[in-house]
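The following report describes selected features of a single structure, taking salt bridges, pockets, surface and backbone in turn. Please read it alongside the sequence and the coordinates.

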Amino acid sequence: YFVEETRLGIPIIPFDEALHGLVRKDATAFPQAIGLAASWDTPLMEQVATAISKEVKSRGIRQILSPVINIARDVRWGRVEETYGEDPFLTAQMAVAFISPFERNGIITTPKHFVANVGDGGRDSYPIHFNKRKLAEVYFPAFKASIQEAKAWSIMTAYNSLDGTQATANNWLLNEKLKKEWDFNGFVISDAGATGGANVLHFTAKDYAESTQQAIEGGLDVIFQTSYNHFPLFYEAFKKGMIPQDAIDEAVRRVLFAKFRLGLFEDPYVDPEKIAINDYVSEHKSIARKAALKSIVLLKNEINTLPLQKDISSIAVIGPDADEAR
């Protein structure tokens, strides 16, 4: 539709999730990120990522909203399993190993969520108040490595605010730190629905138009929503001229540059007849098995941490997640 039926014919960038395998029918499921990190094996991570990237590209998907490189320092946070754990160095190394094969294979990665994403008590989308040293030593290294070493071409913002300004519109984070200091040439995309969080979660904007203005001026390039029908909420700010033209031009430039870089203007599609899933199924299953074995961690049940008796012969796991593998 966009290539053939719009005035400018600009192709889209199809994207999907691929945290530990592409979320599509017949795709290979690898161990969850926290398990892959427990392997401490970056060459294995690169092997896993290479396999995922082949499955992603075969379907015409050219951007993945992965990996999650937030630092997990509170186990009460509901997204700990999506991370590479608590250590900034390990997270950075795993991020580079995951991202590099995708970017080499012509697929944009989207390390997320910039920055922190988890507040006091493990609360998601919460106001964050970290000083610059803590950010530099703990929360920035993986993002910096993702950009400067692995060449990630997009970054996703977090739902939370930092020192009172939502991450989706934080000029210091997005324009000063990311784009200028770290020389990031890709584009910044919001988390799903995060732009409107300014007026429904953080109360730093009076309405959707103002939250849109703040975001684009603050360095956001792409507003990510879960439904196309949401666009009138955000279009108002553009229609009323609330956003400076140079801010709009800069956002458009970054996205167009990514599309040219991917070769989408010359070749926006894949041939469905050439999606040879069977060509790599057995090979990728073998890699998944190897990764699963490497990710196993044996813990000693000291001082009865788990209330399990030694003579237990079976354990019942009950519920929908026990019934269906995800």
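Does R24 count as buried, partly exposed or exposed, and at what relative accessibility? In this predicted model, R24 counts as partly exposed because its relative accessibility is 44%, a value that lies between the limits of 20% for buried and 50% for exposed residues. The side chain of R24 forms a salt bridge with D16, in which the closest N and O atoms are 2.6 Å apart. D16, by contrast, is buried, since its relative accessible area is 14%, and the cut-off for that class is under 20%.

**Salt bridges**

Side chains of opposite charge can pair when their charged atoms come close. A search of the whole structure finds 15 salt bridges, and three of these pairs are set out in the table below, each with its closest N to O distance.

| Pair | Closest N to O distance |
|---|---|
| R24 and D16 | 2.6 Å |
| D221 and K179 | 3.1 Å |
| R254 and E250 | 2.8 Å |

The salt bridge between D221 and K179 has its closest N and O atoms 3.1 Å apart. This pair links distant parts of the chain, with D221 in the loop between α9 (208-218) and α10, K179 in helix α7 (residues 171-181), and their positions 42 residues apart. Both partners, D221 and K179, are buried.

The pair formed by R254 and E250 lies within one helix, α11, where the two residues are 4 residues apart, or about one turn of the helix. R254 is buried because its relative accessible area is 6%, whereas E250, with a relative accessibility of 28%, counts as partly exposed. Through salt bridges that share partners, E250, R253 and R254 are joined into one network.

**Pockets**

Rolling a probe the size of a water molecule over the atoms shows where empty space is left. The largest pocket holds about 1,700 Å³ of space. Its lining consists of 33 residues, and those nearest the centre of the largest pocket are F2, V222, I223, Y228 and K259. By character, the lining of the largest pocket comprises 23 nonpolar, 7 polar and 3 charged residues.

Which element gives the most residues to the lining of the largest pocket? It is α11, with 6 residues, the helix that also holds R254 and E250. At least two lining residues of the largest pocket come from each of β7 (187-189), α10 (231-239) and α11 (245-262).

The second largest pocket contains about 480 Å³ of space. It is lined by 19 residues, of which L19, H20, G21, V23 and Q32 lie nearest its centre. The lining of the second largest pocket divides into 8 nonpolar, 4 polar and 7 charged residues.

**Nonpolar surface**

On the surface, L306, L308, I312, I315 and V317 make a nonpolar patch of about 480 Å². One of these residues, I315, is placed in the loop between α12 (281-295) and α13 (320-323). I315 counts as exposed because its relative accessibility is 58%, and the class begins over 50%.

**Backbone geometry**

Most residues other than glycine have a negative phi, and most peptide bonds are trans. Against that background, four sites deserve attention.

A cis peptide bond with omega of about 0 degrees joins S66 and P67, and P67 is situated in the loop between β2 (63-64) and α4 (88-104). Another cis peptide bond, with omega of about 5 degrees, joins F114 and V115, where V115 belongs to the loop between β3 (108-109) and α5 (132-139).

Positive phi values occur at K151 and I303, neither of which is a glycine. For K151, phi is near 65 degrees, and this residue sits in the loop between α6 (141-148) and β4 (154-156). K151 is partly exposed, since its relative accessible area is 47%. For I303, phi is about 40 degrees, and I303 is found in the loop between α12 and α13, the loop that also contains I315 of the nonpolar patch. With a relative accessibility of 84%, I303 counts as exposed.

Terms used:
Residues are numbered from 1 along each chain as its sequence is written. This is a predicted model: local features need pLDDT of at least 70, side-chain atom pairs count only at pLDDT 80 or more; totals for chains, interfaces and linings use all residues. Side-chain values use heavy atoms; hydrogens and water are left out. Patches are made of residues with over 30% relative accessible area and no salt bridge: like charges are joined within 9 Å, nonpolar side chains (Val, Leu, Ile, Met, Phe, Trp, Tyr) within 5 Å. Accessible areas come from the Shrake-Rupley method with a 1.4 Å probe; for residues, only the protein chains shown count as cover. A salt bridge is a side-chain nitrogen of Lys or Arg within 4 Å of a carboxyl oxygen of Asp or Glu. Buried means under 20% relative accessible area, exposed over 50%, partly exposed in between (1.4 Å probe, protein chains only). On a 1 Å grid over the protein atoms alone, a cavity is a set of points where a 1.4 Å probe fits but cannot get out, and a pocket is an open set with protein on both sides within 12 Å along at least five of seven lines; lining residues have an atom within 4 Å of a point. Grid points are joined across faces, edges and corners, and a volume is the space filled by probe spheres set on the points. Ala, Val, Leu, Ile, Met, Phe, Trp, Tyr, Cys and Pro count as nonpolar, Asp, Glu, Lys and Arg as charged, and the others, Gly among them, as polar.
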